[in-house]
Amino acid sequence: MTATIAIGSYSDTDKAALISSFDPVFIAGPADLATLDETTRAGITTVAFKGHAPFDGAVMDLLPKLGLIANFGVGYDAIDVVAASARGIKVTNTPDVLNDDVADIAVGMLLMQLREMEKASAWARSGSWKDKGEYRLNRKASGAKAGIVGLGRIGREIANRLAAFKMDIHYFARSEKDTPDWTYHADPVALAQEVDYLVVALVGGPDTENFVTKEMLAALGPRGILVNISRGSTVDEAALLDALEQGTLGGAGLDVFRNEPHIDPRFYALENVVIQPHQGSGTVETRAAMGQLQRDNVAAFLAGSALLTPVN
Ligand code: NAP
């Protein structure tokens, strides 16, 4: 009898690796656990979890012997870690292996906004370049002030990249970091006021819900650009849509949204938004590394060894 359930949509490679290592039962989401018979559920000690559907205490209670939820991804806001800890269930995630890719997407979206690459490409493809002439002038990255909201693992990689683009780095975190070349702001509104562009790299979850407020967006202003690679929940999305529609915010580059993939259709009508389909870590290489780390955590748990990347 298998001790492992794999929840979520896995690539063929990850699926094969999970089968050869753990021979798990596969289900699409936590809600499907209730469809498994009681004997199967009673034997499960380990869940390999992928996705963003809520994994709460009620779901955990369907698996009385559950000892580990190994998350595929660094962000574990879908998992109720307090409920897990209360039940003696360990949670792991996949930090660090995805930092570079997520930072690349953040910087890419900012450059797409500044240099209007999506619109300029459409200008050339439509024949406007040959018929109407040069594309309009846009904005310079080097020399501008960039603000990072959340200087964690990914935030630092974004800051490193933007510093290499000769941008002046400012940041908010709950405590000042040992980064002498970068300017700390304890107040996120003051940070938004100071910088030209703001990149959000916070954790998701209830503590950071609507962290980027209407006031911060107003402080960023009509020439400002907001980039978000964290979670849709960290930004007041209604205020963001209003600001983008009214031009009180210059533009946005967004990899994450509320209610993904059924995002608010108001985004589709906005020309000042670059939309990415939550693909920050979506490279072959990084997803393979994330899958390997998830499986290494499962294997460690089943062997009674120390977990590689515990969350609780
Ligand atoms: P991390 O190293 O834990 O950094 C998280 C940052 O959030 C830290 O700067 C931390 O501030 C801040 N933070 C945490 N709780 C906070 C609170 N209550 N109020 C204010 N700030 C708070 O995490 P990471 O590895 O960089 O990942 C960050 C997030 O990126 C993940 O949680 C995930 O949601 C998202 N992500 C997105 C993608 C994508 O595909 N778009 C891929 C991977 C990850 P302190 O320094 O003050 O502790």
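**Exercise 1. Which polar side-chain atom lies 3.3 Å from an oxygen atom of the ligand? Find the residue, then work through the rest of the site.**

Before we start: this is a predicted model, where local features need pLDDT of at least 70, side-chain atom pairs count only at pLDDT 80 or more, and totals for chains, interfaces and linings use all residues. Residues are numbered from 1 along each chain as its sequence is written, and side-chain values use heavy atoms, with hydrogens and water left out.

Step 1. The side chain belongs to His-278, with a polar atom 3.3 Å from a ligand oxygen. That fits a polar contact (a pair of N or O atoms within 3.5 Å).

Step 2. Now try the backbone. Ile-154 puts a backbone N or O atom 2.9 Å from an oxygen atom of the ligand, and Ser-230 does so at 3.5 Å.

Step 3. How much of the ligand is covered? On its own it has 940 Å² of accessible area, and the protein covers 87% of that (Shrake-Rupley method, 1.4 Å probe).

Step 4. Look at the shell, counting a residue if one of its heavy atoms lies within 4 Å. There are 28 residues around the ligand, the closest being Arg-153, Ile-154, Arg-174, Lys-177 and Asp-255. Sort them and you get twelve nonpolar, ten polar and six charged (Asp, Glu, Lys and Arg are charged; Ala, Val, Leu, Ile, Met, Phe, Trp, Tyr, Cys and Pro nonpolar; the others, Gly among them, polar).

**Exercise 2. Describe how helix 5 packs on helix 8.**

Step 1. Locate them: helix 5 spans residues 99-114 and helix 8 residues 153-164 (helices are DSSP H or I runs of at least four residues, strands E runs of at least two).

Step 2. Their axes come within 8 Å and cross at roughly 50° (lines fitted to C-alpha atoms over the stretch in contact, angles from 0 to 180 degrees between N-to-C directions). So helix 5 is oblique to helix 8 (under 35 degrees is roughly parallel, over 145 roughly antiparallel, 65 to 115 roughly perpendicular, the rest oblique).

**Exercise 3. Pick out the backbone oddities at Pro-261 and Asp-96.**

Step 1. The Glu-260 to Pro-261 peptide bond is cis, with omega near -5°. Pro-261 sits in the loop between strand 11 (251-254) and strand 12 (273-275).

Step 2. Asp-96 isn't a glycine, yet has a positive phi of about 70°. Its loop runs between strand 5 (90-92) and helix 5.

Technical notes: A polar contact is a pair of N or O atoms within 3.5 Å; within protein, one must be able to donate a hydrogen and the other to accept it, and residues adjacent in sequence count only if both atoms are side-chain atoms.
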